[in-house]
2 protein chains.
Amino acid sequence: MNRVLVSQLMKHINEEVKISGWVHRIRKLGKIAFLLLRDRSGIVQCIVNTKEVDIKGIKLESVVNIFGNVVENSKCKLGVEIQLSSLEIISEVKEDLPIEVNKEEMEASLDAVLNNRVLSLRNIKINSTFRIQAVIAQAFGEFLKNEGFTQIFSSKIVSEGTEGGTELFKIKYFDREAYLAQSPQFYKQMMVSAGYERVFEIGHVYRAEKHDTKRHINEYVSLDLEMGFIEDEREIMELETSLLKYIFESVKRNCSKELESLNVKMPEIKDGIPTMKLSEAIDILKKKYNKIGLEKDLDPEGEALICEYVKEKYNSEFVFLTHYPQEKRPMYTMPAENGETHSFDLLFRGLEITTGGQRIHNYDMLKESMIKHGVNPKSFEGYLIAFKYGMPPHGGLAIGLERITAMLLGLENIREATLTPRDKNRLAP
Amino acid sequence: MNRVLVSQLMKHINEEVKISGWVHRIRKLGKIAFLLLRDRSGIVQCIVNTKEVDIKGIKLESVVNIFGNVVENSKCKLGVEIQLSSLEIISEVKEDLPIEVNKEEMEASLDAVLNNRVLSLRNIKINSTFRIQAVIAQAFGEFLKNEGFTQIFSSKIVSEGTEGGTELFKIKYFDREAYLAQSPQFYKQMMVSAGYERVFEIGHVYRAEKHDTKRHINEYVSLDLEMGFIEDEREIMELETSLLKYIFESVKRNCSKELESLNVKMPEIKDGIPTMKLSEAIDILKKKYNKIGLEKDLDPEGEALICEYVKEKYNSEFVFLTHYPQEKRPMYTMPAENGETHSFDLLFRGLEITTGGQRIHNYDMLKESMIKHGVNPKSFEGYLIAFKYGMPPHGGLAIGLERITAMLLGLENIREATLTPRDKNRLAP
């Protein structure tokens, strides 16, 4: 007998079916018991003899096959329930569950949630998080594919860092030393020059930063894109605006159940995203929020406040900050006037989720910029060479997948949006 | 003036347009010269004064804007050509090209091709390789998404190996030691147990194998999937058959130009893929090809010969080999009778491109199997725990993205199907 998914039961009313999944909850009412069965598509109520539950010693989270009749019941959310004929345990629970997974809200510390990842992911809300994350990543790729971008897979084992020599994880690579890539930045740019013009990558990047905050992890998924033949960074910002609209539409279309379970309010991007210079933002923070000490960059509190300001003034949950000063941006950033750059950050609900901008495409200018940034051009020859043989003007951006997921779903800590987070103290599971 | 892509020029006949790209070739015929401009969408012939080419000193591979009139010319493959009005160099070529990129066949050694990756990728054939590769990866994800799979991003920094302690790259992880993941095997299985039931991952895996062959690299992209509630490995094989059909259809639909440039003969999967036991294959090789010394596994020559045999006998370029012996498969493989396992390999045009099978889902059986394989269960507690709280029967597979690309396109060395290959001797670009 073929298994029927819970979400398909409405098509089998008054039929005998087989369903399979985990025992989500058991409620005994005298002789009758209600057993909730959970599979990847939903939860269904099964009516069963309490005796059967007791004799078989059915525990929560056991994996079972249930055979039974599908009957209509308008009181059930699903519209149907199962009158159980027989039940078969496929995989038993061997020990008491260290955390309860069947409550709406997980009542456990973040550490307990992460230590018991397989179990905590069975909680409907937590499970929904990563279904939505998958759709975000896929929508990113779909949109860009439609815009003529080619997906690339660049090496994560590199001989030189992207932004300089700091904060890299070292690898023993046979008889040499190598590093884990901090970003696919160099490779994306090289692939623009290689004739693809427009490329994107969805892959892990690694930062050996020691600080342990709720917005940092040491391994994360970067949604990267780079495109050639642009005028300046504004084209990248326009592209990102359309991209985000596409992603959110796709999440709405594919994840209505998940959004409902997480009680998410989807952001709206109506007439584009408000834009202001970083220096304006610092000014506003000083004047309106009495926030001093900000020099050429925002701190987390500043990011949160400026988002508050923009929300109030422009009714937008997003804001582009532009014209970051040269000393705050990597050596490949295209300079603008007055020591500023053709660069931007995108803030969403109080957190930076994107860094982007136009890059230098002229060989001599890039070399000079390296020296100005205290970087030895000799260490970056493999990268520099890409600028010797015809490199179009170009720019790009990177979106942190865990960050956009966390902000969209209102999660406190970025680790809640990471399947298996890595930080200074966490290397498992 | 907005740039028009070469592939869109047919829509602009008798209009003045701007096109942008690389100077692919220049052919002077007295006063007139033909300049071929290449962008990401194709190549167009531009008619230009030889004087202009000489005065501006236009070099091959320079990046230029060309303004001109689109005129019909049925002799051109594109159907149109450009009568140039003006030309603007955006990015000059600073040095002589170390390799020629504009010939149909790249006349350079593999080392030269890889050392000059940005340039060699501008060659039409080489460029096409990675456009097709991108479509393979995307089609893999699309098919599985439609089959109810959730994409996951699991950590590549791990504290324990998948198949045992050998062949791992070591990382200095703050004050600890960690390793680069050999495979997402444990995580995919854990995510089946976490309630996703069906998951896939497209990501890098790392093997510190010292041998340097044309079929091995030390970092590659693994197309991984895992699914729960299966009967046995045959369901995984059926899924892969449909998956491959979908991938090849998608490549045909999206990459006709690339397939033509590479002169690819697409494989056909008509009535499924022939299947034989590994022991049968060894028998055939002994009897028909006089190949001796094969014990419980095939060597590269054996793989090639059995593919030859299957091609001749069943007119298939694929063959599933099944029932590998227990000592040749990892500890998580579901055992079958007579010391065999519920496992399979898929060979395609002479090379193994997939390993898969049913996994053990019973906690005690898995623990026993670890001990039998000489693995200490204590080292794999984070993994084992997933089997304690209800784990459905499950199985999965992994396809090497570079291998399937190389075999599909008839590339000799897997490095030709890797954007930036990593091996014992190569760590750049």
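**Notebook: sheet and helices of chain B**

I began with strand 10 (residues 198-206) and strand 11 (residues 219-228) of chain B, which pair in the antiparallel sense over nine bridges. The model I am reading is a predicted one. Within this pair I looked up His204(B) and found it opposite Val221(B) of strand 11 of chain B.

Next I looked at what covers these strands. Helix 4 (residues 124-146) of chain B lies across strand 10, strand 11 and strand 16 (394-400) of chain B. I noted about 155 degrees between helix 4 and strand 10 of chain B. Helix 9 of chain B also packs on the sheet, where it touches strand 12, strand 13 (318-322), strand 14 (343-348) and strand 15 (351-359) of chain B. Its direction makes about 75 degrees with that of strand 14 of chain B.

I then traced the whole sheet. It is open, has eight strands in the order 6-10-11-16-15-14-13-12 (chain B), and its pairing is mixed. Strand 6 (150-151) and strand 12 (275-277) of chain B each have a single partner strand, so one side of each has no neighbour in the sheet.

Last, I checked how helix 8 (residues 278-289) of chain B meets helix 9 (residues 300-314) of chain B. Their axes come within 10 Å and cross at roughly 85 degrees; I therefore enter the two helices as roughly perpendicular to each other. From helix 8 of chain B, the contact uses Ala281(B), Ile284(B), Leu285(B), Lys288(B) and Tyr289(B). From helix 9 of chain B, I listed Gly302(B), Leu305(B), Ile306(B), Glu308(B), Tyr309(B) and Glu312(B). By class, I have seven nonpolar, one polar and three charged residues in the contact of helix 8 with helix 9 of chain B.

Terms used. Residues are numbered from 1 along each chain as its sequence is written. Chains are lettered from A and ligands numbered from 1 in the order in which they are written. This is a predicted model: local features need pLDDT of at least 70, side-chain atom pairs count only at pLDDT 80 or more; totals for chains, interfaces and linings use all residues. Side-chain values use heavy atoms; hydrogens and water are left out. Axes are lines fitted to C-alpha atoms, for helices over the stretch in contact, and angles run from 0 to 180 degrees between N-to-C directions. Helices (H or I, at least four residues) and strands (E, at least two) are DSSP runs, numbered from the N terminus. Angles under 35 degrees count as roughly parallel, over 145 as roughly antiparallel, 65 to 115 as roughly perpendicular and the rest as oblique. Contact means heavy atoms within 4.5 Å. Ala, Val, Leu, Ile, Met, Phe, Trp, Tyr, Cys and Pro count as nonpolar, Asp, Glu, Lys and Arg as charged, and the others, Gly among them, as polar. Two strands pair if DSSP finds at least two bridges between them.
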